[in-house]
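These are my notes from looking through one structure. I wrote down what I looked up, in the order I looked.

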Amino acid sequence: EQTRLRAAAFETVYTADGKRIEIAGNIGNPADCRSVLANGGDGVGLFRSEFLFLERDQMPSEEEQFEAYSEAAREMAGRPVIIRTMDIGGDKQLPYLPMEAEENPFLGFRAIRLCLAEKEMFLTQLRAILRASSQGKIRVMFPMIATEEELLEAKSLLAQAKEQLRERQLPFDEKIETGIMIEIPSAAIIADQLAPHVDFFSIGSNDLIQYTFAADRMNQKVSYLYNPVHPAILRLIGRVVQDAHTHGKWVGVCGEMAGDPLYAKELIALGVDELSMTPSLIPRMKQAIKGMSATTLIYK
Ligand code: PEP
Ligand code: MG
């Protein structure tokens with residue numbers, strides 16, 4: 001059974017009603033690409049870049065980051081790799097970047113908020129990602145976007161990083177696809193305003209559920225609120241997909257719910273185009289997709 005699933009995993013999968021669904025893997029470092037490939041993943045839907053920054057005593061250099069991102073690009077051999085810019089802050093502290101203690105770290109100074117303030121650190125990462133885009137199909141994604149202004153500011157820094165590389169005459173993909181995570185309810189609600197500025201959305205359901213219900217995703221006492229298929233979540237996701245599709249953009253889901261066939265069935269019915277999950281879950285998901293319907297349901 002395992003062998004049969006694995007063989008089937010290398011196929012491109014379509015729903016019963018004929019829609020192609022991309023099944024990708026979530027990774028935490030470039031070596032994990034091998035597991036994505038071994039399980040038949042169509043690409044990397046979420047490369048959490050934090051591993052480069054944590055558990056060390058100084059900032060990783062542009063070269064060191066470039067090496068890590070390039071390794072993933074080369075390993076995936078032309079399949080897409082979505083690199084998420086650093087999601088540091090909150091509970092993830094860096095010894096070389098002093099940050100004030102915060103009353104509510106998960107509502108605080110983290111991810112894109114920190115990056116927009118620490119511009120040199122962010123530009124260094126963006127240049128490394130851009131340079132790696134000359135080695136394969138790299139896409140760049142910003143985490144924790146809450147407003148249109150933040151997105152425009154992040155994009156302007158990306159444009160600045162491109163300009164710096166042109167000055168240094170270093171190659172990169174001029175048309176690198178740029179997306180954002182939809183993981184804060186405000187972003188889901190204004191998806192129609194955000195869509196024109198991106199190439200894709202990836203829904204971070206772990207945080208989207210946490211912030212929608214104001215329920216800590218790690219706290220067992222409030223886990224009864226943490227329901228991925230509650231109408232509040234399905235309505236939000238359905239709206240995000242419709243707004244994205246209206247603007248000709250695609251939508252993935254990279255939170256944990258994307259790896260569970262029961263939840264994935266709902267996501268596919270809402271029109272989601274890509275699912276990204278722990279690599280070992282890919283073969284079973286590819287099998288399950290074939291029995292699903294992508295005829296869009298609307299949750300009102
Ligand atoms: C998410 O929030 O759903 C997500 C994929 O990001 P992380 O789990 O890294 O917060
Ligand atoms: Mg998140």
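I began with the contact between two helices in this predicted model. On the α3 side I listed E62, Q65, F66, Y69, S70 and A73, and on the α5 side T124, Q125, R127, A128, I129, R131 and A132. Sorted by class, the contact of α3 with α5 holds six nonpolar, four polar and three charged residues. I then looked up the geometry: helix α3 covers residues 62-75, and its axis comes within 8 Å of that of α5, at a crossing angle of roughly 35 degrees. I noted the crossing of α3 and α5 as right-handed.

Next I followed α5 to another partner. Helix α5 (residues 119-132) and helix α6 (residues 148-167) have axes that come within 9 Å and cross at roughly 65 degrees. From α5 the contact takes K119, F122, L123, L126, R127, L130 and R131, and from α6 it takes L157, L158, Q160, A161, K162, Q164 and L165. I entered the classes for α5 with α6 as eight nonpolar, two polar and four charged residues. The crossing of α5 and α6 is right-handed.

I turned to the ligand. Which residues surround ligand 1? I found L46, R48, D87, E183, G204, S205, N206, D207, C254 and G255. The shell divides into two nonpolar, four polar and four charged residues. Strand β3 (44-48) and helix α9 each supply at least two residues of this shell. The most comes from α9, which gives three residues.

I checked the UniProt record, an unreviewed entry, for sites. It places a "binding site" feature at E183 and D207. The two positions span 25 residues in sequence, but no two of their C-alpha atoms are more than 5.2 Å apart, so they gather at one spot.

I looked at each of the two in turn. Is E183 buried or exposed? I put E183 down as buried, because 26 other C-beta atoms lie within 10 Å. E183 sits in the loop between β6 (177-182) and α7 (185-189). Setting aside residues up to four places away in sequence, E183 touches M144, G204, D207 and L208. D207, one of those contacts, is found in helix α9 (residues 205-213). D207 counts as buried too, with 21 C-beta neighbours inside 10 Å.

The unreviewed UniProt entry also has a "binding site" annotation that covers R48, R84, N206, D207 and R217. I compared this with the ligand shell, where R48, N206 and D207 are among the residues listed.

I looked up R217 last. R217 lies in the loop between α9 and α10 (231-246). How many C-beta neighbours does R217 have inside 10 Å? I have 17 on the page, so R217 counts as partly exposed. Leaving out its neighbours within four places in sequence, R217 is in contact with N206, I209, Q210 and Y226. One of these, N206, is also covered by the annotation and belongs to the shell around ligand 1.

Methods
Residues numbered from 1 in each chain as written. Chains lettered and ligands numbered in written order. Predicted model: local features only at pLDDT ≥ 70, side-chain atom pairs only at ≥ 80, totals over all residues. UniProt positions renumbered as here; feature names shortened; annotations may be inferred. Helix = DSSP H or I, 4+ residues; strand = E, 2+ residues; numbered from the N terminus. Buried ≥ 20, exposed ≤ 12 C-beta atoms within 10 Å, placed from the backbone. Contact = placed C-beta atoms within 7 Å. Near = placed C-beta within 6 Å. Nonpolar A, V, L, I, M, F, W, Y, C, P; charged D, E, K, R; others polar. Axes fitted to C-alpha atoms, helices over the stretch in contact; angles between N-to-C directions. Left-handed = near helix turned anticlockwise from the far one by under 90°.
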